[in-house]
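User: Could you take a close look at the aromatic rings in this one for me? I'd like to know how they pair up and what the pairing joins.

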Amino acid sequence: MEQNRFVIITGMSGAGKTQVLRTLEDLNYFCVDNLPVMLLPKFIELSRQTPGRNTAMVIDARGGESFAGLLEIMDEMKANGFAFELLFLDADNAALIRRYKETRRRHPLEKGHNSLAESVALERKSLKEVRERADTVIDTSRYSAAMLKDEISHLYGGAASSSEMLIVVQSFGFKYGLPLDSDLVLDVRFLPNPFYDPELRKHTGNDKEVQDFLNKYPETFEFLKMECELLSFLIPRYVKEGKSQLVISVGCTGGQHRSVYIANNIYNYLRLKSWRVELLHREITQTGIKPGGDATIK
């Protein structure tokens, strides 16, 4: 008999915990938001008396000083043989601050004497050990609501939702930092840089002008051919190992030209191979555009 799942959701304020809980509700989990830490043991007892139902709860900084007792209670749960999963939702500081400004909500650690940025930094410091103990960490910085829902359904929706690994292909600029959720990182800064052509600088790898420029160089096709062959070798083995998501990050200097072009081609190649794949361009405003046409490498 399959054991019921007991999921504790925590993480940074503004990282998407409420949306995760709503998705789990749709998956027929019994869900509780903002459960005080001190009530967790009692809630565990009640859930044990109600077999046949998966359970999820959000415990976070809104609980105030009592939140600090979460680690101790989790240790007690493990010592008593109670199985649970700890899901940590994260996002970079810029994304969290932007979301709070858009919603005009007040951060739970904002006491009037510290700024929003200081509140975010304080919360991140206080959650460091909790994050290290998490079974799953999801960085939602570049996620759309649909992508987050899809990933939660894939991770917690049972056999019907977990039958296929999700592949995320994303372009980025090294000058802005490496994506934290990367599994594979491809550095394409060896390719000729369209940025140095004044006519191409204003375009991106989504535009024909940049594509024509990069298509002139044999190393572009040699790299794509070798990379697609490598992915054809790796992906079935990741699936066999039980990996639920693979994040392929393609980087150039600014994340506008070469990385976008290569990411588009890898996405198209994987799509032709019928893999479940999403595309993101981190450094350009047209995030999530899925290019049409055929893959360069088939």
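Analyst:
**A close look at the aromatic pairs**

Some background before the rings: this is a predicted model, and of the chain's 298 residues, 47% count as buried. The chain is built from ten helices and nine strands, and its C-alpha trace spans about 65 × 55 × 30 Å along the principal axes. Contacts between residues 24 or more positions apart make up 75% of those with a separation of 6 or more.

Now the rings. The count comes to seven aromatic pairs. Take Phe6 and Phe82: their ring centres are 4.9 Å apart and the planes meet at 85°, and since an angle over 60 degrees counts as edge-to-face, that's what this pair is. What does the pair join? Phe6 belongs to strand E1 (residues 6-11), while Phe82 is in the loop between helix H3 (70-79) and strand E4 (85-90), so the two rings tie together parts that are 76 residues apart in sequence.

Both partners are tucked away, too. The cut-off for buried is under 20% relative accessible area, so Phe6 makes it at 4%, and Phe82 does as well at 12%. The pair also has company: ring pairs link Phe6 and Phe82 with Phe30 and Phe43 into a cluster.

While we're on rings, two of them have an arginine over them. Arg189 puts its charged end over the ring of Phe174, 3.7 Å from the ring's centre. Arg201 lies over the face of Phe195, and there the distance to the ring centre is 4.3 Å.

Conventions: Residues numbered from 1 in each chain as written. Predicted model: local features only at pLDDT ≥ 70, side-chain atom pairs only at ≥ 80, totals over all residues. Heavy atoms only, no water. Helix = DSSP H or I, 4+ residues; strand = E, 2+ residues; numbered from the N terminus. Buried < 20%, exposed > 50% of the residue type's maximum accessible area, 1.4 Å probe, protein only. Contact = heavy atoms within 4.5 Å. Phe/Tyr/Trp six-rings, centres within 6.5 Å; stacked < 30°, edge-to-face > 60°. Lys NZ or Arg CZ within 6 Å of the ring centre and 35° of its normal.
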